[in-house]
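Have the sequence and the 3D view ready side by side. This report walks through the chain part by part.

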Amino acid sequence: MKLFYAPGACSIGIHVLLEEIGRPYETERVDFMAGAQLKPLFADLNPKRKVPVLVRDDGSTLTEFPAIAYYLARTSPAAGLLPDDVEAAARAFELMEYAVSTVHMQGFQRIFRPRNFTPHEVDYDAVKARGREIFFGGLSLIDERLGDTPYAVGDTPSIADAALFYVSFWGRDRLHEALPPRVDALYTRMKARPAVQRVMQREGFA
Ligand SMILES: N[C@@H](CCC(=O)N[C@@H](CS)C(=O)NCC(=O)O)C(=O)O
């Protein structure tokens, strides 16, 4: 398997899952600064021009964070990344999906790529401000949903924790804002994990 990633992008959550699973995998860095995601070599691999992309052992590609996370969890069940319990699994999907589709795609995307939301540069600041509202409002909502378990839906990390990890990383370490208390505690717990520390080091954040 090979993960195509950009340092500090949402692909870092998939990188964490691969490291937690512990099976051999390769990585290839996509240099956003050089616009590598737009160049033919990568665009041929993923016409959506986005990371994460997982190339599997049979050569087929899988895109979209939730799909890749689900695939990895189901193909490495011993890692326990998707709870057996239906209710806990459904809650894991609920949290992961909200982190990806709302906090990331509606919130952070407005801050990071305002031009995707307006053709007028003069509107960029307003778009970014709305992005911050959605992003941090979303994290507060997640905070209310987190229970008293050490990880998002239980005693061990799941696919939800991988998604919450990357949006927390953006809030705390890229936007430099305080996180709501439960989200912050979860982020601290994730960052202490050896698998996460290896990924942070490899992507250049430690
Ligand atoms: N819905 C996609 C979102 C992927 C996405 O937006 N990836 C960003 C990085 S976090 C990207 O590759 N952006 C390319 C760009 O901004 O040019 C998923 O869940 O994987």
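Which side chain meets that of Arg 193 in a salt bridge? The partner is Glu 20, with N to O at 2.6 Å. Keep in mind that this is a predicted model.

Arg 193 sits in the loop between α7 and α8, and Glu 20 sits in helix α1, so this pair ties together parts 173 residues apart in sequence. Arg 193 is partly exposed, because its relative accessibility is 21% and buried means under 20%.

## Two domains

The domain assignment splits the chain into domain 1 (2-80) and domain 2 (86-193). Their C-alpha centres lie 19 Å apart. A UniProt record, an unreviewed entry, lists residues 1-80 as "domain: GST N-terminal". That span is 35% helix and 18% strand. The C-alpha atoms at its ends are 19 Å apart.

How many residues of domain 1 are in contact with domain 2? There are 16, and they meet 21 residues of domain 2. The size of an interface is often given as the accessible area lost when the parts come together. Here the area buried between domain 1 and domain 2 is about 1300 Å². Carbon and sulfur atoms give 72% of that area. The rule finds 1 salt bridge across this interface.

## The nonpolar cores

The largest nonpolar core has 56 residues. Those with the most contacts inside it are Ile 14, Phe 65, Leu 72, Phe 135, Leu 139, Ile 159 and Tyr 166. Several elements give two or more residues to this core, including β1 (2-5), α1 (11-21), α3 (65-75), α4 (86-112) and α5 (124-145). Also among them are α6 (159-174), α7 (181-191) and α8 (194-202). Which element gives the largest share? It is α6, with 10 residues. The core also draws at least three residues from each of domain 1 (2-80) and domain 2 (86-193).

Phe 65 makes a good place to look. Leaving out residues up to four places away in sequence, Phe 65 touches Cys 10, Gly 13, Ile 14, Pro 52, Met 96, Val 100, Ala 162, Ala 163 and Tyr 166. Apart from the largest core lies another one, of 8 residues. Ala 6, Val 30, Val 53 and Val 55 are among its members.

## Backbone exceptions

Most residues other than glycine have a negative phi, and most peptide bonds are trans. Some places in this chain depart from that pattern. Where is there a cis peptide bond? It joins Val 51 and Pro 52, with omega at about 5 degrees. Pro 52 has its place in the loop between α2 (40-45) and β3 (53-55). Pro 52 is also one of the residues that Phe 65 touches.

Arg 49 lies in the loop between α2 and β3. Its phi is positive, near 60 degrees, though Arg 49 is not a glycine. Arg 49 is partly exposed, with a relative accessible area of 38%.

Glu 64 is found in the loop between β4 (61-63) and α3. Glu 64 has a positive phi too, about 75 degrees. At 44% relative accessibility, Glu 64 is partly exposed.

## Salt bridges

A search of the whole structure finds 12 salt bridges. Three of the pairs are set out here.

| Pair | N to O distance |
|---|---|
| Arg 193 and Glu 20 | 2.6 Å |
| Glu 28 and Lys 2 | 2.8 Å |
| Arg 91 and Glu 87 | 2.9 Å |

Glu 28 and Lys 2 link distant parts of the chain, 26 residues apart. Glu 28 is in strand β2 (residues 26-29), and Lys 2 is in strand β1. Are these two buried or partly exposed? Glu 28 is partly exposed at 35% relative accessibility. Lys 2 is partly exposed at 22%.

Arg 91 and Glu 87 both lie in helix α4. They are 4 residues apart, about one turn of the helix. Arg 91 is partly exposed at 40% relative accessibility, and Glu 87 is partly exposed at 46%. Which residues join Arg 91 and Glu 87 in a network of salt bridges? They are Glu 94 and Arg 145.

Notes
Residues are numbered from 1 along each chain as its sequence is written. This is a predicted model: local features need pLDDT of at least 70, side-chain atom pairs count only at pLDDT 80 or more; totals for chains, interfaces and linings use all residues. Side-chain values use heavy atoms; hydrogens and water are left out. A nonpolar core is a set of buried Ala, Val, Leu, Ile, Met, Phe, Trp, Tyr and Cys residues joined through side-chain atoms within 4.5 Å. Buried means under 20% relative accessible area, exposed over 50%, partly exposed in between (1.4 Å probe, protein chains only). Domain bounds come from an automatic or database domain assignment. Contact means heavy atoms within 4.5 Å. UniProt positions are given in the numbering used here, feature names are shortened, and annotations may be inferred rather than shown by experiment. Buried area is the accessible area (1.4 Å probe) that two parts lose on being put together, summed over both. A salt bridge is a side-chain nitrogen of Lys or Arg within 4 Å of a carboxyl oxygen of Asp or Glu.
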